[in-house]
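User: I have a model open and want to learn how to read it. Can we go through it step by step?

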Amino acid sequence: MTCDELLIALNEVVDSETALEIYKEFAAHLSNCNPCQVVLDNIRQTITLFQAGQEYHMPPSFQEKYQQIIESKWDEKFHKSKNEKNS
Amino acid sequence: MIVVAEEYSLNNSRKNELESLIKQKISVDDEDLPLWQEAKDGNFKAFQELMNRFQNRVYGLAFRILNNPQDAEDIVQQTFLTLVEQIDRYRGESKVKTWILGIATNHALKLLRKRKGQYYTSFNDRNLDSINHEPLPHPEYIAVWRDNPENLATQKELKILLSESLNRLEEAYRTVFILRDIEGLSTEETANILDISLSNVKIRLLRARLQLREDLTKKLGIEATRLISTHSEHPISK
Ligand SMILES: [Zn+2]
């Protein structure tokens, strides 16, 4: 296996925990090719970084505002008037 | 010969088998399904619970695609309005989560197209197959990263670094990376949402990962550990 072939198969190696066990040629290449091993580590770290602590939160004032709009739409759809709801 | 990713697929039949198994399990494993069922019958409280569960996810998804807080807010509102309109149309063919994130993604992409004007449309319509057949970019800057990823910088600096890198990606790659690696959707779910082929999802994801790796390693790699790739002097064709 060449570096090019490993590059093309990188998704499989990254996404499957067992890829390295099943495809011995990947593991063999990686143990002999430091650049490919580092690239693989870098990609795993890249994904981890993006997944970790990257939450976005909408402003609370907006949350209140849009949920009211949705509720009006909801009432319209399910044929409820405000009066009906309040009674 | 030029090596392209599509020519290299591992164990496809096993994958398809797994994918159909996963499909059968969707209804069993979908913890949001009961809420949707109640909502469909007109229970607003159930729908509100769905909104509370997903609003920040939709917001984050839209923020990453559009890179603008106001636009992200618009997408949240549009997404849940669409969900109210189409609540009876959902047939459980995907997880509720995928249904919601799919509607949000498509609203966000539509707005992005509007923001970018025709330029963008022509990019997306450009035959992406031709991109798929372009050689993959080789890793150039290869180095071990400083410390653990989480300790690399302050959270704020890190957030800026990541969002800048993400925004440097072409939209076609960025959206796939967001759905697959950040939102954790499967290749098939991502393909359905974007209406592209499975192999297109895979190649876009690979290109996104490679470019982000290159970008982040330039910022986070230890120069002293930098390696010269054995293939860096040769083009990928052989
Ligand atoms: Zn190698």
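Analyst: Yes. Keep in mind that this is a predicted model. Start at the end of one helix: helix 10 of chain B is followed by Asp195(B), whose phi is positive, near 55°.

User: Which residues of helix 10 of chain B are buried?

Analyst: Buried here means under 20% relative accessible area. Helix 10 spans residues 187-194 of chain B, and six of its eight residues meet that cut-off. They are Thr187(B), Glu189(B), Thr190(B), Ala191(B), Ile193(B) and Leu194(B).

User: What do the buried residues of helix 10 of chain B pack against?

Analyst: Helix 10 is mostly covered. Its partners lie in chain B itself. The buried residues pack against helix 5 (96-116), helix 9 (171-182) and helix 11 (198-220).

User: Now the interface. How many salt bridges does the rule find between chain B and chain A?

Analyst: The two chains touch through 71 residues of chain B and 47 residues of chain A. One salt bridge joins Asp88(B) to Lys77(A), with the closest N and O atoms 3.2 Å apart. That is within the 4 Å cut-off. Across the interface, the rule finds four.

User: Which helix of chain B gives the largest share of the side that touches chain A?

Analyst: Several helices supply at least two residues each, among them helix 2 (33-40), helix 4 (69-85) and helix 8 (155-168). The largest share is eleven residues. It comes from helix 3.

User: By class, how many residues on that side of chain B are nonpolar?

Analyst: The side of chain B that touches chain A has 16 polar and 16 charged residues. The nonpolar ones number 39.

How values were computed. Residues numbered from 1 in each chain as written. Chains lettered and ligands numbered in written order. Predicted model: local features only at pLDDT ≥ 70, side-chain atom pairs only at ≥ 80, totals over all residues. Heavy atoms only, no water. Buried < 20%, exposed > 50% of the residue type's maximum accessible area, 1.4 Å probe, protein only. Helix = DSSP H or I, 4+ residues; strand = E, 2+ residues; numbered from the N terminus. Contact = heavy atoms within 4.5 Å. Salt bridge = Lys/Arg side-chain N within 4 Å of Asp/Glu carboxyl O. Nonpolar A, V, L, I, M, F, W, Y, C, P; charged D, E, K, R; others polar.
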